[in-house]
Amino acid sequence: MNLSKITQRPENLLLAMAFIMPLVFSVWMALLNNFVIEKAHFTGKEIGILQSLREIPGFLAFTVIYLLLFVKEQKLAIISLFITAFGVAATGYFPSVYGLYITTVIMSVGFHYFETVNQSLTLQWINKDNTAHFMGKMLSAKSAASLLAFSSIWLLMEKFTWSYLATYTLFGGIAIIFTLFLAMTFKQFPVHVEQDKKLILRKRYWLFYALTFFSGARRQIFVVFAGFLMVEKFGYSVADISALFLINYIFNWLFAARIGKLIGIIGERRILKFEYIGLITLFIAYGLVENSTVAAALYVIDHLFFALAIAIKTYFQKIAKPEDIASSAGVSFSINHIAAVVIPALLGIVWIINSSWVFYVGAGFAFCSLCLAHLIPTNPKQGIELKFQES
């Protein structure tokens, strides 16, 4: 296919960026628990602090709206992608507690600004009728990149005994090169609706804000502590963790687009209720598990529910004014990270006392989300944001 034709379509840029980000971020995530334990001698306390620091840029994601006064969203997405890649490339050079804190914050600034702007651009550029399916395609692209990253980690570190330093540097460098390529080849795409350049908090979006808050709180427990459980309690190696991620991403690669299409057919209300019931069960099981194989199965099943979270974004797209999307993307990311800044550090202390309690808290968050999901209308749209507003 002609390269010039590919670079004329905004959805191709979205898919390309959706591939590059997980290619580099997956390496950081897959190596993290083993790297910090082996090289920096982390305990639950340090990993909790690191993850809280990682989420501070997410909490400050609302500031993206002020950067948009000076930089267009598309350019900001590219810059943020570059910063993420640089942060990952630098990680292996600083194997100490404070060195890891600093490189994590650098990586996280790029990651969270990118995710904020990327969500905004997707909701602006893609038609409402196709958004869930397209987000599923993006998730498939992310999964393909993650599959490449995790299989490469296994090959390089297990078969060729590469060091953490070499692996971080390689993937960070590759992502930097790919990002520069996108910057040079894709044109600046026009904005269909001029976005408000101020913070927007609307009462009628409150259910979206609440779902986003509990989603962020609940997700942190999986991201921070589920993987840590595998390494600390069950002694999983880098290869073992990579294998679990491979299973997860194979599923998403094969089925995420179909799941997105299914959300468009079944509706956000039913999909989210199903997700939250499943997560309550899974978190309780995490707290009780004593078998490493069962724990691995829970980890894989848990990850399969991630694709269903697309429904929160499509719900918002249906009820939001088009000009609110950029500002609301930043606000929603900040809301998503309010709990995320505090929870890892607090639950890191709880972890030292009893690790099972951490997962029971997660079940409580999922239950709150389930209650909120009952308020989503069957056919959400502007003016019908809640179930009782339907005639």
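Let me begin with a definition: a helix here is a DSSP run of H or I with at least four residues, and the helices are numbered from the N terminus. By that scheme, I349 lies in helix α14. The model I am presenting is a predicted one.

I349 leads us to the surface. Together with I284, L288, I352, I353, W357 and Y360, I349 forms a nonpolar surface patch of about 730 Å². Three elements each give two or more residues to this patch, namely α11 (268-288), α14 (325-353) and α15 (355-373). Of these, α14 supplies the largest share, with 3 residues.

I turn next to two of those elements, α11 and α15. How do their axes cross? They come within 8 Å, and the crossing angle is roughly 165 degrees. Angles over 145 degrees count as roughly antiparallel, and α11 is therefore roughly antiparallel to α15. The crossing of this pair is left-handed.

As for the residues in contact, the α11 side includes R269, L272, K273, Y276 and F283, and the α15 side includes S356, F359, A363, F367 and A373. Two patch residues of α11, I284 and L288, also belong to this contact, as does Y360 of α15.

The second part of my presentation concerns helix α2, residues 10-39, and two of its packing partners. The first partner I consider is helix α8, residues 164-185: the axes of α2 and α8 come within 10 Å and cross at roughly 165 degrees. That angle makes α2 roughly antiparallel to α8. The handedness of this crossing is left-handed.

The other partner is helix α9, residues 206-232. Here the axes lie 10 Å apart, and the packing angle is about 55 degrees. Because of that angle, α2 is oblique to α9. Is the crossing of α2 and α9 left-handed or right-handed? It is right-handed. On the α2 side, the contact is made by M29, N33, N34 and I37. These meet V223, G227, F228 and V231 of α9.

To close, I return to α2: this helix is roughly antiparallel to α8 and oblique to α9.

Definitions and conventions
Residues numbered from 1 in each chain as written. Predicted model: local features only at pLDDT ≥ 70, side-chain atom pairs only at ≥ 80, totals over all residues. Heavy atoms only, no water. Patch = residues over 30% accessible without salt bridge, like charges linked within 9 Å, V, L, I, M, F, W, Y side chains within 5 Å. Areas by Shrake-Rupley, 256 points an atom, 1.4 Å probe, with all protein chains shown as cover. Salt bridge = Lys/Arg side-chain N within 4 Å of Asp/Glu carboxyl O. Axes fitted to C-alpha atoms, helices over the stretch in contact; angles between N-to-C directions. Parallel < 35°, antiparallel > 145°, perpendicular 65-115°, else oblique. Left-handed = near helix turned anticlockwise from the far one by under 90°. Contact = heavy atoms within 4.5 Å.
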